Amino acid sequence: MPGTPTKAFTHGHAIQEDGSVVFACSQDDALWPWTLIGPHHPGAIQAASYWLGVENAMALGGWDPDKWSALTWTRWSCGEPGAGRMARGRYERTQIEGKESFSIQLYDAQDAPICHLDGRGVVFRTRDFAKWRKEAKDRGEELGSDRFAYAAREALGIAPGEFPFLGPFDGTAATGLLDHANAMPPAHPWLDGSGDHVNSAHLAEVARQFVSLLRAGRSFRVTDAEMRFDRYVELGVPFTVERAVGDADWVRMQLRQAGRDCTWIDYRIAEV
């Protein structure tokens with residue numbers, strides 16, 4: 001993501017005596033359409049994670065707004081069903097598994113817990129990001145979403161106006177494709193991004209669609225998740241999602257593109 005944000009999801013930052021930050025969340029539906037899909041939707045939580053991490057780090061003076069940055073790992077656990085939209089939260093710097101991280105607790109307007117979110121990222125300080133990304137994007141055969149065979153909408157569990165991202169499940173894996181036409185505004189009703197690559201909220205939705213394929217379209221909710229981002233996933237280049245391990249409750253997914261491991265995603269699911 002580009003360093004200097006052009007808009008802000010959080011406001012009213014107040015640094016506490018223990019070094020944590022309390023903040024309020026924007027209620028602007030036009031600027032943040034993913035806040036309307038439900039606070040426990042994986043896409044909403046993952047979309048929020050970037051803005052919450054960056055904006056609160058900037059409030060603490062620990063983020064260079066002129067550098068590009070990327071999330072490398074997130075983990076979250078949802079509260080009880082029925083919580084309202086994100087209204088406020090608390091951010092703190094933490095050490096998780098010996099690595100500098102952040103932890104966030106989110107609440108709705110009635111103070112019901114929405115989720116606990118952990119994450120960490122990286123800031124690109126020394127390399128020419130634009131040049132490096134141009135060389136990376138030259139790899140892989142590009143394909144338009146208008147020429148890709150997607151799975152049935154019912155099997156993917158997508159709402160009206162949303163786009164399919166995956167082809168049919170073959171018993172082991174599914175192939176997917178995201179491009180500007182099906183995954184970037186104004187085409188998609190709630191997904192957003194820099195337009196440089198597939199971002200983490202897209203990947204969270206890819207994983208949700210994959211679980212829906214595994215369940216033949218039967219409804220479910222994601223209660224816990226962990227995502228690790230090892231390589232960028234490129235727009236316009238097909239990828240595969242494979243179920244690595246798991247049981248009835250946990251699904252572990254691995255996403256590969258152009259022969260490279262890109263993302264690991266774990267979802268704990270519950271019946272609706």
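**Figure 1. Contacts across the protein chain, by sequence separation.** Take the contacts between residues at least 6 apart in sequence: 65% of them join residues at least 24 apart. This is a predicted model, and its protein chain has five helices and 11 strands. Of the 272 residues in the protein chain, 49% are buried. As for the surface, the protein chain exposes about 12400 Å², with carbon and sulfur atoms chipping in 51% of that area.

**Figure 2. Strand 8 and its partner, strand 11.** Strand 8 covers residues 220-229, and strand 11 takes in residues 260-271. The two run antiparallel, with nine bridges joining them. Want one pair to look at? Phe 229 has Thr 263 in strand 11 as its bridge partner. How many of the 10 residues in strand 8 are buried? Seven of them are, so the strand counts as mostly covered. In a regular strand, the side chains alternate between the two faces of the sheet.

**Figure 3. Leu 235, in the loop after strand 8.** Leu 235 sits in the loop between strand 8 and strand 9 (239-246). Is this loop residue buried or exposed? Leu 235 counts as buried, because its relative accessibility is 12% and the cut-off for buried is under 20%.

**Figure 4. The company Leu 235 keeps.** Setting aside neighbours within four places in sequence, Leu 235 is in contact with Leu 178, Asp 179, His 180 and Met 184, and also with Gly 195, Asp 196, His 197 and Val 198. Pick out His 197 from that list: it is 38 residues from Leu 235 along the chain, yet their C-alpha atoms are separated by 5.4 Å.

Definitions and conventions:
Residues are numbered from 1 along each chain as its sequence is written. This is a predicted model: local features need pLDDT of at least 70, side-chain atom pairs count only at pLDDT 80 or more; totals for chains, interfaces and linings use all residues. Side-chain values use heavy atoms; hydrogens and water are left out. Buried means under 20% relative accessible area, exposed over 50%, partly exposed in between (1.4 Å probe, protein chains only). Helices (H or I, at least four residues) and strands (E, at least two) are DSSP runs, numbered from the N terminus. Two strands pair if DSSP finds at least two bridges between them. Contact means heavy atoms within 4.5 Å. Accessible areas come from the Shrake-Rupley method with a 1.4 Å probe; for residues, only the protein chains shown count as cover.
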